[in-house]
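Below is a report on a predicted model. It goes through the sheets, the domains and the contact between the chains.

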2 protein chains.
Amino acid sequence: MTAKSEPVREDLVLALPKGRILDEVRPLLDRVGIIPEPEFDNDNSRHLRFRTNLPHLSLIRVRSFDVATFVAFGAAHLGVAGNDVIMEFDYSELYAPLDLGIGRCRLSVAEPVALSETDDPARWSHVRVATKYPEITRRHFAARGVQAECIKLNGAMELAPALGLSRRIVDLVSSGATLRANGLAEVETIADITSRLIVNRAALKTRPEEMHGWIERFREATHAP
Amino acid sequence: MTAKSEPVREDLVLALPKGRILDEVRPLLDRVGIIPEPEFDNDNSRHLRFRTNLPHLSLIRVRSFDVATFVAFGAAHLGVAGNDVIMEFDYSELYAPLDLGIGRCRLSVAEPVALSETDDPARWSHVRVATKYPEITRRHFAARGVQAECIKLNGAMELAPALGLSRRIVDLVSSGATLRANGLAEVETIADITSRLIVNRAALKTRPEEMHGWIERFREATHAP
């Protein structure tokens with residue numbers, strides 16, 4: 001016999017990005033009171049979804065671009081994503097109410113050092129670029145009348161100039177060490193990047209108390225000393 | 001004083017995919033006589049390009065989708081890529097002369113087990129699918145008049161049905177263990193997948209002896225007992 005009860009609310013799902021940002025997200029989870037099940041800290045785990053200490057909140061750990069997709073389609077209610085990812089997709093269903101102040105880097109145009117010494121991006125009329133961010137790149141250059149031909153790569157952008165794929169790349173730059181190791185120099189910054197808390201707009205309307213509660217908790221955790 | 005000499009031919013570049021296929025590629029490299037520098041076997045290496053025992057051949061190690069892009073644009077001359085990647089891009093500049101017989105799996109449509117028991121893909125008129133392969137998926141379904149709405153994910157497709165992103169996914173399936181662990185069952189195979197030797201068509205015309213030499217060496221190594 002099954003007991004009749006109130007309609008069961010589905011768990012809230014928080015989508016987190018795999019990789020280096022996750023190390024910066026963990027202290028935030030601690031501060032908002034989310035303790036993931038132990039398997040979450042096993043980097044080699046094949047699990048994709050994890051329980052937490054909170055009965056109605058679960059976590060998924062997916063690639064950074066997929067965080068935005070899961071949240072935009074309402075398959076996750078909340079997520080952590082860099083504004084690089086948010087800008088690239090430009091999903092109308094995503095709302096990014098809070099800068100978490102982690103994952104700081106910049107999205108930049110880079111080219112071989114020798115070329116950069118005399119090159120002036122302000123004088124380009126056409127540019128060929130290897131990048132993981134074709135939409136941002138096209139919009140950025142189109143805004144000043146430059147046509148950008150983008151070759152989409154999923155990684156290893158810094159190989160492109162040496163192999164003749166494109167002289168320029170648009171990539172995330174943190175310390176600049178990877179660029180220098182590949183003989184490249186930044187010539188222009190497109191955007192400063194940090195990770196944001198993102199939420200699904202429909203969930204914000206249908207479950208306003210829970211959703212605003214989480215936004216407030218993350219806001220306090222972000223501004224904690 | 002610099003010596004004048006014949007124009008220097010650029011190295012041939014062989015692009016190999018990161019990840020699990022690389023373990024199956026290594027014995028083939030041995031058999032064709034390519035010995036990578038020791039750093040190549042350091043999985044945590046930040047290097048992207050590697051020397052070999054052969055003075056005019058270097059290797060790059062990139063994501064599987066990027067192998068096809070580097071070869072199609074002539075930034076690498078040869079590469080190893082699954083026909084999933086080749087079909088997804090459909091680059092006219094790629095020629096895939098040789099099935100290497102490694103990386104065997106299939107590209108399949110899967111859905112929750114309970115749904116699969118009564119569902120018949122032949123009766124679909126519209127389908128929503130989460131996949132890394134939107135182009136293949138659209139073409140596959142369009143060929144029989146089914147409209148496929150594809151949500152592109154870069155990984156973790158098997159999360160999509162449980163989270164309500166899409167009931168169906170199109171994904172690579174090897175043993176099927178990942179599907180089963182997520183309560184999913186295959187309902188249709190789109191293509192059998194193996195890795196192929198791919199070459200840049202322009203390089204085949206401009207450097208025919210070297211290129212055909214490598215195709216022959218890989219052919220012999222593939223058919224070796």
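## Helices on the sheet of chain A

In this predicted model, helix α2(A) lies across β1 (12-17), β3, β4, β5 and β11 of chain A, and runs at about 140 degrees to β4(A). Helix α9 (residues 208-223) of chain A also packs on the sheet, where it touches β1, β4, β5 and β11 of chain A. The direction of α9 makes about 30 degrees with that of β5(A).

## The sheet of chain A

The sheet under these helices is open and has six strands, in the order β2-β3-β1-β4-β11-β5 (chain A), with mixed pairing. Its edges are formed by β2 (49-51) and β5 (94-99) of chain A, each of which pairs on one side only. On average, neighbouring strands are turned by 30 degrees against each other, direction ignored.

Within the sheet, strand β4 (residues 78-82) of chain A runs antiparallel to strand β11 (residues 195-200) of chain A, and five bridges join the two. One of the residues involved is A:L78, whose bridge partner in β11(A) is A:V199.

## The sheet of chain B

In chain B, an open sheet of six strands has the order β2-β3-β1-β4-β11-β5, again with mixed pairing. Strands β2 (49-51) and β5 (94-99) of chain B each have a single partner strand, so one side of each is left without a neighbour in the sheet. The average turn between neighbouring strands is 30 degrees, direction ignored.

Strand β4 (residues 78-82) of chain B pairs with strand β11 (residues 195-200) of chain B in the antiparallel sense, over five bridges. Here B:V80 stands opposite B:L197 in β11(B). Helix α1 (residues 20-32) of chain B packs on this sheet and touches β1 (12-17), β4 and β11 of chain B, with its direction at about 130 degrees to that of β1(B). Helix α2 (residues 64-72) of chain B packs there as well, touching β1, β3 (57-62), β4, β5 and β11 of chain B; its direction makes about 140 degrees with that of β4(B).

## Domains of chain A

The domain assignment divides chain A into domain 1 (12-103 + 194-223) and domain 2 (105-192). The C-alpha centres of the two domains lie 29 Å apart. Six residues from domain 1 of chain A and seven residues from domain 2 of chain A make up the contact between them. On the domain 1 side, the contact residues are one nonpolar, two polar and three charged.

Strands β7 (residues 126-131) and β8 (residues 147-152) of chain A pair in the parallel sense over six bridges. The chain passes from β7(A) to β8(A) through helix α5 (residues 134-142) of chain A, in a right-handed β-α-β crossover. Across this pair, A:V129 stands opposite A:C150 in β8(A).

## Contact between the chains

Chain A and chain B each give 24 residues to their contact. On the chain A side, the elements that give two or more residues are β3 (57-62), α2 (64-72) and α6 (160-163) of chain A. The largest share, four residues, comes from α2(A). By class, the chain A side has 16 nonpolar, four polar and four charged residues.

## Relation of the two copies

A turn of 180 degrees and a shift of 0.0 Å along the axis lay chain A on chain B with an RMSD of 0.0 Å. The two copies are therefore related as by a two-fold rotation axis. Both copies use the same surface: 100% of the contact residues of chain A recur in chain B. Of the residues of chain A, A:N154 comes closest to the rotation axis, with its C-alpha at 4.9 Å.

Definitions and conventions:
Residues are numbered from 1 along each chain as its sequence is written. Chains are lettered from A and ligands numbered from 1 in the order in which they are written. This is a predicted model: local features need pLDDT of at least 70, side-chain atom pairs count only at pLDDT 80 or more; totals for chains, interfaces and linings use all residues. Two strands pair if DSSP finds at least two bridges between them. A crossover is right-handed if, with the strands pointing away from the viewer, the path from the first strand over the helix to the second runs clockwise. Domain bounds come from an automatic or database domain assignment. Two residues are in contact if their C-beta atoms, placed from the backbone, lie within 7 Å. Ala, Val, Leu, Ile, Met, Phe, Trp, Tyr, Cys and Pro count as nonpolar, Asp, Glu, Lys and Arg as charged, and the others, Gly among them, as polar. Copies are superposed by least squares on the C-alpha atoms of residues with pLDDT of at least 70 in both. Axes are lines fitted to C-alpha atoms, for helices over the stretch in contact, and angles run from 0 to 180 degrees between N-to-C directions.
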